[in-house]
Amino acid sequence: MSTPLVLAIETSCDETAAAVLRFPGDLLGQVIASQASVHAAYGGVVPEVASRNHLAHVREVVEGALSQAGVGLGEIDVFAATTGPGLASALLVGSAAAKGFALALDKPFLAVNHIEGHLLSPFFGRAEIPPSVGLVVSGGHTLLVDIAGAGRYKLLGRTLDDAAGEAFDKVAKLLGLGYPGGPLIEAEARAGSRTRFEFPRSMKCSGDFQFSFSGLKTSVRYLLPKTAESDRADLCAGFQEAVVDVLVHKAVEAAKSCRRDLIAVSGGVGLNARLRERLARAAEADGLRVLFAEPSLCTDNAAMVAYVAALRAARGESSSLEADIFPALGQTLFAVA
Ligand code: KG4
Ligand code: ZN
């Protein structure tokens, strides 16, 4: 299959999404039904609510993506879905739907790792994946990965507790800002001082590529009663700077240690303008290049899942219909020692 036409479904967290992609990068249709406003009332994603909403919307996103693409189900070569990591009951919805199509239409099924979707999203549309170091910073994960090529990864480090996006979300909740927290904190931080409140740079000098963000959140919590409403912008700016500082430092160190001259940034926190600005500057100072995923590909979407599936289908790969979902980080691609 040299230029497979893929239909991919993404339901790992709180976005129900479907995309139709012609390998390598011709995105013919995509519909994303976000549940963010539903979960905002709870200050975070409620798994049971998420899976019920996926069930309610999966059909319309698939039909919408197909109709945008102007293709019928029968023309799809490969059906793909995110099978992990993510919320178990949410993953089951997209995975069952894609398997159902594959079974009914006698076409291959491809099980896609959500993290691989983020990891390769900066290269969206390319037929080859260049050697690089990937920084995945999302609501659920923070990872540094050495990328030798498509499907050839080595996990360099990850967060030992909260993900970077999760820290933004939790701090935003503490400050009463709403959900998702990243864009709200970034907006508040614009008017704030980055140095008035000095927050810890946990594990910055640990000499490895692991991260820890939960202590940072705790420092905000302890400081909060001693501050006033008018200090909020400074708190946000100081917190954001601490997160960005560690991410930039470790990403550059990882690239140097793996002798890669390219850093590929993906995931929702990759939208953060301060991260983009500081990483671009730090990389340049070390003669490295940085490639950020397109903004529309940073937060959860089905196009990145379709892209991974298309790369693998073009190499003749497929998955068993018995492939189970895997809610945790994953035993194979990003093996955790
Ligand atoms: O990649 P994504 O959809 O999450 C997972 O797959 O887990 O990204 C969502 C995360 C949320 O935690 C959100 O607060 C964060 O990305 N985020 C940001 C920004 N925009 C979204 N964090 C910092 N700055 C932003 N501008
Ligand atoms: Zn994600």
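How far does a polar side-chain atom of H114 lie from an oxygen atom of ligand 1? In this predicted model, the separation between the polar side-chain atom of H114 and the ligand oxygen is 3.4 Å. The legends below take up that site and several other close-up views.

**View 1. Residues around ligand 1.** Ligand 1 is surrounded by 21 residues, of which G140, D169, G182, E186 and D300 come nearest. Two of these nearest residues also place side-chain N or O atoms beside oxygen atoms of the ligand: for D169 the distance is 2.7 Å, and for D300 the distance is 2.8 Å. The contact of H114 belongs to this view as well, with its polar side-chain atom 3.4 Å from an oxygen atom of ligand 1.

**View 2. The cis peptide bond before P85.** The bond that joins G84 to P85 is cis, and its omega is near -15 degrees. Most residues other than glycine have a negative phi, and most peptide bonds are trans. P85 itself sits in the loop that runs between β4 (78-84) and α3 (88-105). With a relative accessibility of 2%, P85 counts as buried, because buried means under 20%. Beyond its neighbours within four places in sequence, P85 is in contact with a set of residues that includes S12, L91, N113, H114, I115 and H141, and the list continues with F326, P327, A328 and L329. H114 is thus a residue that P85 contacts and one whose side chain approaches ligand 1. The C-alpha atom of A314, a residue 229 places away from P85 along the chain, is separated from that of P85 by 23 Å.

**View 3. The cis peptide bond before P180.** Between Y179 and P180 the peptide bond is cis, with an omega near -10 degrees. P180 is found in the loop between α5 (164-174) and α6 (181-189).

**View 4. Positive phi at D106 and R259.** D106, which is not a glycine, has a positive phi near 55 degrees, and its place is the loop between α3 and β5 (109-113). A positive phi of about 55 degrees is also found at R259, again a residue other than glycine, in the loop between α8 (232-258) and β9 (262-266). Are these residues buried or exposed? D106 is exposed, with a relative accessible area of 70%, and R259 likewise counts as exposed, at 76% relative accessibility.

**View 5. The packing of α5 with α7.** The axes of α5 and α7 (residues 214-223) come within 10 Å of each other and cross at roughly 10 degrees. The two helices are therefore roughly parallel, since an angle under 35 degrees is counted in that way. On the α5 side, K170, V171 and L174 take part in the contact, and they meet K217, V220 and R221 of α7. Sorted by class, this contact between α5 and α7 has three nonpolar and three charged residues, with no polar residue.

**View 6. The surroundings of S121.** S121 lies in the loop between α4 (114-120) and β6 (132-137), where S121 is buried, with a relative accessible area of 1%. A polar atom of the S121 side chain is 2.6 Å from the backbone oxygen of H118. When neighbours within four places in sequence are set aside, the residues in contact with S121 are S266, A293, L297 and M304.

Terms used. Residues numbered from 1 in each chain as written. Chains lettered and ligands numbered in written order. Predicted model: local features only at pLDDT ≥ 70, side-chain atom pairs only at ≥ 80, totals over all residues. Heavy atoms only, no water. Helix = DSSP H or I, 4+ residues; strand = E, 2+ residues; numbered from the N terminus. Buried < 20%, exposed > 50% of the residue type's maximum accessible area, 1.4 Å probe, protein only. Axes fitted to C-alpha atoms, helices over the stretch in contact; angles between N-to-C directions. Parallel < 35°, antiparallel > 145°, perpendicular 65-115°, else oblique. Contact = heavy atoms within 4.5 Å. Nonpolar A, V, L, I, M, F, W, Y, C, P; charged D, E, K, R; others polar. Near = heavy atom within 4 Å. Polar contact = N/O pair within 3.5 Å; in protein donor to acceptor, adjacent residues only side chain to side chain.
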